[in-house]
Amino acid sequence: MPILTDKRIQKGLSILENFQDSKLLTHLNSCVHCGLCAETCLYYLTFKDPRFIPAQKVDFISSIYKRYCTFIGRNVPFLVNARDLNEENLKEMVDLFFGACTMCGRCTLHCSIGVDIAYLVRTGRVMLAEMGLIPSSIQSTVDAAINTGNNMGITTEEFTDTIQWLEDDLKDDLNDPNASIPLNEKGKKILYTLNPREPKFFPLSISAMAKIFHVAGESWTLSTEMYDVTNYGFFTGSRGEASTIVQHLYDEMKNLGSQELILAECGHGSRAFRWEGPNYLHKNFDFTVKTSVELMADYLREGRIKVNKKSLKQRVTLHDPCNLVRNGGVIQEQRFILDQIADDFVEMTPHGIDNYCCGGGGGQLAMSEYNERRMKIGGKKAEQIRNTGAQIVVTPCHNCVDQLLQINSYYKLDVQIKTLAEVVADALIV
Amino acid sequence: MSWYLVLTFVSLAFCLAMCAYHAYRLIALGNPSDFSKPSGNVGAGIKYSYTGGMDPRKKESAFLHLPTYTAGILYHLGTFFSIVLFVCILFSLRLPSVVTMLLTAFLAVSSICGAGILIKRIVKNTLRKLSNPDDYISNLLVTSFQLITAVYLNFPTPVYYILVSALLLYLPAGKLKHVIYFFAARYHLGLFFGYRGVWPPKN
């Protein structure tokens with residue numbers, strides 16, 4: 001832990017002292033410590049550790065607020081358990097806010113009062129970021145994104161090569177020499193983004209989307225300069241770095257002159273650009289921002305693509321990514337798509353906006369120091385999947401895919417994990 | 001005017017002024033500015049936050065904890081009735097004896113609920129770890145308020161005014177100020193989920 005100077009502490013406290021609006025003030029003052037949120041949280045459900053109760057996380061940040069920003073907390077701190085911002089408390093804060101919360105927001109939905117607990121945890125991360133206390137593992141992901149243009153540090157040459165062989169495959173697959181994966185083409189209607197996991201580990205999901213674009217007759221392009229949909233700055237709480245990443249994508253959109261930015265299947269990436277991006281940059285975007293899930297649903301509704309109805313015969317279930325669904329409002333589109341393709345579709349219990357996080361959210365996949373916890377909290381998702389009896393789990397999020405693949409192996413589920421684009425591409429009538 | 005009535009009026013004025021200050025501060029700070037393009041209906045989201053979003057069948061904090069939830073509802077109803085009765089008492093409004101009897105019985109039940117919640121907080125390890133003195137004081141004050149109201153309806157005593165004054169003086173400082181912040185929290189939740197098209201649920 002870096003040396004705690006007064007200046008550093010003051011930077012953290014400034015987040016709690018300067019309210020931009022009434023939201024933070026409201027949520028800092030609303031928790032009544034009923035503790036009824038405990039069972040909504042994967043961490044508490046798994047470990048039964050009282051430290052992990054969401055209300056404890058709320059108490060941590062609000063007690064610091066009370067200590068430094070309220071009359072009672074300054075003068076009678078024991079009355080409200082007002083905490084000092086010292087080394088011991090900061091250590092605990094890092095562990096709770098980075099290592100014991102995916103910011104999935106399930107507790108928020110079920111809170112008896114309506115405290116936005118995930119928002120408070122995120123605010124806590126912003127404080128820690130201001131004080132230079134971001135875990136180095138997740139910070140390195142952000143650094144890679146800023147320094148190389150993508151969070152995996154893939155070189156342009158490597159990326160271009162991958163796209164080239166994918167394009168060759170696509171031509172063969174479609175038996176069409178005109179099939180292509182356009183790169184850096186100006187004036188195309190759509191600029192499509194990717195999760196860097198795709199070119200690195202799951203290139204077939206790029207082919208899947210390219211096939212869909214081809215069949216839909218879409219005008220689209222990828223960019224070699226900035227294609228990364230992810231934004232781990234959103235998770236670290238570093239507003240400056242999150243803004244830089246959003247700005248890169250915004251600039252590339254302007255550079256290529258596209259009208260629509262289509263965000264690949266990535267829960268947090270879509271949230272970070274679509275919902276938080278304009279606020280990071282303090283401006284309205286003058287182009288359409290949409291997720292690929294919504295785009296595929298639109299294609300189907302408009303008849304631009306057709307699929308073999310009920311062609312997927314194995315039992316299918318759907319995992320709802322928290323940032324896309326509960327925090328992003330994309331809820332029915334993926335169900336509309338699967339309803340057409342899957343012959344035997346089963347929902348998890350619970351699902352939709354009430355879903356459980358897979359355990360990989362909130363940047364957990366990028367923080368190796370919490371791997372053991374992450375796999376353990378994934379047990380709830382494993383149980384949900386097992387209960388459906390499904391053979392295929394579809395999820396419109398590459399981050400979730402990664403965690404679900406690991407859960408699949410760790411809990412011996414013996415299921416296939418697929419993105420929505422892969423399922424659609426397989427069922428496409430060409 | 002007796003000294004305890006003066007104390008009560010002063011406490012009430014202080015409490016109202018402080019609550020007004022909290023409310024004013026929230027209103028003055030306003031809504032978060034949001035540059036993203038909404039995909040839902042904010043008004044409907046806020047309405048849902050105060051209605052369907054609080055449906056106990058949809059909240060694990062309610063349906064997984066039905067005894068506590070029920071006790072909490074009765075306890076809050078008891079507080080509401082006690083406040084109404086406080087106004088009646090302050091302005092010497094007389095209630096029919098049957099109403100007095102029913103309210104006495106209800107306040108006895110709601111006080112027991114309050115005491116039950118307090119005992120749970122003391123006994124349950126996870127809850128005890130979450131609690132601070134403010135949690136205990138707040139509960140004690142409100143439970144006593146309900147109990148003394150029930151007593152006062154049948155046997156008027158100056159102790160009532162002293163207890164109510166203590167409650168009024170303490171309310172704006174501790175967690176009891178959620179009387180204001182609860183509504184603000186529901187508002188912000190409705191705003192957030194409504195803006196993004198999450199609330200009201202689409203199916």
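# Chains A and B: domains, sheets and helices

Trainee: How far apart are the C-alpha centres of domain 1 and domain 2 of chain A?
Mentor: The C-alpha centres of those two domains of chain A lie 34 Å apart. Keep in mind that this is a predicted model.

Trainee: And how many residues does each of the two put into the contact?
Mentor: Domain 1 of chain A supplies five residues and domain 2 of chain A supplies four residues. By class, the domain 1 side that touches domain 2 has three nonpolar and two charged residues, with no polar ones.

Trainee: Where do the domains of chain A begin and end?
Mentor: Domain 1 covers 6-133, domain 2 covers 138-299 and domain 3 covers 306-427 of chain A.

Trainee: Ok, sheets. In what order do strands 1 to 4 of chain A sit?
Mentor: They form an open sheet in the order 2-1-3-4, with parallel pairing. Strand 2 (220-221) and strand 4 (288-291) of chain A are the edge strands, each pairing on one side only.

Trainee: How many bridges hold strand 1 to strand 2 of chain A?
Mentor: Two bridges, in the parallel sense, with strand 1 being residues 190-192 of chain A. In one of the pairs, A:Ile190 has A:Trp220 in strand 2 as its bridge partner.

Trainee: Which strands does helix 16 of chain A touch?
Mentor: Helix 16 (residues 292-302) packs on that sheet and touches strand 3 and strand 4 of chain A. The direction of helix 16 makes about 85° with that of strand 4. Helix 15 of chain A lies across strand 3 (260-263) and strand 4 as well, running at about 155° to strand 3.

Trainee: What about the sheet with order 6-5-7-8, how is it paired?
Mentor: Those four strands of chain A make an open sheet with parallel pairing. The edges are strand 6 (342-346) and strand 8 (416-418) of chain A. Ignoring direction, neighbouring strands of this sheet are turned by 35° against each other on average.

Trainee: How many bridges between strand 5 and strand 7 of chain A?
Mentor: Three bridges join strand 5 (residues 312-318) to strand 7 (residues 392-394), and the two strands run parallel. A:Thr317 has A:Val393 of strand 7 as its bridge partner.

Trainee: Switching to the chain A to chain B contact: how many residues from each chain?
Mentor: It takes 49 residues from chain A and 46 residues from chain B. On the chain A side, the elements giving two or more residues are helix 2 (22-28), helix 4 (54-69) and helix 15 (267-281) of chain A. Helix 2 of chain A gives the most, with five residues.

Trainee: How many of the chain A residues touching chain B are charged?
Mentor: Eight are charged, next to 20 nonpolar and 21 polar residues.

Trainee: What does chain B consist of, in helices and strands?
Mentor: Nine helices and zero strands. The C-alpha trace of chain B spans about 60 × 40 × 35 Å along its principal axes. Of the 203 residues in chain B, 37% are buried. Among contacts in chain B between residues at least 6 apart in sequence, 80% join residues at least 24 apart.

Trainee: What span should helix 5 of chain B have?
Mentor: With 27 residues (97-123) at 1.5 Å a residue, helix 5 of chain B should span 39 Å, and its end C-alpha atoms are 39 Å apart, so the two agree.

Trainee: Which residues of that helix are buried?
Mentor: B:Leu103, B:Leu107, B:Ser110, B:Ser111, B:Cys113 and B:Gly114 in helix 5 of chain B. An α-helix has 3.6 residues a turn, so residues three or four places apart point the same way. The buried residues of helix 5 pack against helix 4 (66-90) and helix 7 (133-154) of chain B.

Trainee: And helix 8 of chain B, what covers its buried residues?
Mentor: The cover includes helix 1 (3-29), helix 4 and helix 7 of chain B. Among the buried residues of helix 8 are B:Tyr160, B:Leu163 and B:Leu167. Helix 8 has twelve residues (159-170) and should span 16 Å; the end C-alpha atoms are 17 Å apart, which agrees.

Trainee: Last one. Why does A:Leu4 count as partly exposed?
Mentor: Because A:Leu4 has 16 other C-beta atoms within 10 Å, and partly exposed lies between the exposed limit of 12 or fewer and the buried limit of 20 or more. A:Leu4 sits in the segment before helix 1 (6-17) of chain A.

Trainee: What is A:Leu4 in contact with, beyond its sequence neighbours within four places?
Mentor: A:Ile9 and A:Glu87. A:Leu4 and A:Asn86 are 82 residues apart in sequence, yet 7.9 Å apart C-alpha to C-alpha.

Notes:
Residues numbered from 1 in each chain as written. Chains lettered and ligands numbered in written order. Predicted model: local features only at pLDDT ≥ 70, side-chain atom pairs only at ≥ 80, totals over all residues. Expected span 1.5 Å × (residues − 1). Contact = placed C-beta atoms within 7 Å. Nonpolar A, V, L, I, M, F, W, Y, C, P; charged D, E, K, R; others polar. Domains from an automatic or database assignment. Pairing = 2+ DSSP bridges. Axes fitted to C-alpha atoms, helices over the stretch in contact; angles between N-to-C directions.
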